[in-house]
Amino acid sequence: MTSWTVVANENDVKEGNMKPVEAGGARILLIRIDGEIFAIENRCPHMNCPLQGGTLVDHSIKCPCHSWTFDLLTGAYVASDKIKVNVYETQLKDGNISVLA
């Protein structure tokens, strides 16, 4: 069962930055781009490398281990949409960031 979980204060995720959090047993990476907060699984499916050390390019993140790149909106690997990481809905309420996990 999924539910909204407060994972961070909105000031904890600055523009262009990332913050690793956990919710519902999932390792999640919060990312703020153009004022919007994205939540994506903090694990590359290739070799389980944490994405938190990756490079942000537009609305994607490049894995720091082997340069696999994932779309922040869909979680899809840019070279094959058959490979994906989980993405999570986010909400901002009363200065807190919550994810649906």
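## An exposed leucine

Leu-73 is exposed, with a relative accessible area of 52%. That figure comes from a predicted model, as do the other values in this report. An exposed residue has a relative accessible area over 50%, so Leu-73 falls in that class.

Where along the chain does Leu-73 lie? Leu-73 belongs to the loop between β7 and β8 (76-77). Leaving aside residues up to four places away in sequence, Leu-73 touches Phe-38 and Val-87. The C-alpha atom of Leu-73 is also separated by 8.6 Å from that of Ile-40, a residue 33 places away along the chain.

## The disulfide

If you are counting cysteine links, the structure holds 1 disulfide. Cys-49 and Cys-65 form this disulfide, and their sulfur atoms are 1.8 Å apart. A disulfide is a covalent bond between the sulfur atoms of two cysteines. The torsion about the S-S bond of Cys-49 and Cys-65 is about 60 degrees, so the disulfide is right-handed. The pair links distant parts of the chain, with the two positions 16 residues apart in numbering. Cys-49 sits in the loop between β4 (36-41) and β5 (55-57), while Cys-65 sits in the loop between β6 (60-62) and β7 (69-71).

Are the two partners buried or exposed? Cys-49 counts as buried, at 10% relative accessibility. Cys-65, with a relative accessible area of 41%, is partly exposed.

## Two cysteines outside the disulfide

Cys-44 is in no disulfide, and neither is Cys-63. For Cys-44, the nearest cysteine sulfur is that of Cys-63, 4.0 Å away. A disulfide requires sulfur atoms within 2.5 Å, so a separation of 4.0 Å does not make one of Cys-44 and Cys-63.

Cys-44 is buried, with a relative accessible area of 2%. Cys-63 counts as buried too, at 3% relative accessibility. Which residues does Cys-44 touch, not counting residues up to four places away in sequence? The contacts of Cys-44 are Cys-49, Leu-51, Cys-63, Trp-68 and Phe-70.

## Nonpolar cores

In soluble globular proteins, nonpolar side chains tend to be buried together. Here, the largest nonpolar core has 15 residues. The members that touch the most other members are Ile-31, Ile-40, Cys-44, Leu-51, Ile-61, Phe-70 and Leu-72. Strands β3 (26-33) and β4 each supply at least two residues of this core. With 3 residues, β3 gives the most to this core.

There is also a second, separate core of 14 residues. Among its members are Ala-8, Ala-26, Ala-39 and Tyr-88.

## An open sheet of three strands

Strands of a sheet pair through backbone hydrogen bonds, either parallel or antiparallel. In what order do the 3 strands of the open sheet run? Their order is β1-β12-β11, and the pairing is antiparallel. The edge strands are β1 (4-9) and β11 (90-93), each of which pairs on one side only. On average, neighbouring strands of this sheet are turned by 30 degrees against each other, direction ignored.

For a closer look at one pairing, follow β1 and strand β12 (residues 96-100), which pair in the antiparallel sense over 5 bridges. Val-6 stands opposite Ser-98 in β12.

Conventions:
Residues are numbered from 1 along each chain as its sequence is written. This is a predicted model: local features need pLDDT of at least 70, side-chain atom pairs count only at pLDDT 80 or more; totals for chains, interfaces and linings use all residues. Side-chain values use heavy atoms; hydrogens and water are left out. Helices (H or I, at least four residues) and strands (E, at least two) are DSSP runs, numbered from the N terminus. Buried means under 20% relative accessible area, exposed over 50%, partly exposed in between (1.4 Å probe, protein chains only). Two strands pair if DSSP finds at least two bridges between them. Axes are lines fitted to C-alpha atoms, for helices over the stretch in contact, and angles run from 0 to 180 degrees between N-to-C directions. Contact means heavy atoms within 4.5 Å. A nonpolar core is a set of buried Ala, Val, Leu, Ile, Met, Phe, Trp, Tyr and Cys residues joined through side-chain atoms within 4.5 Å.
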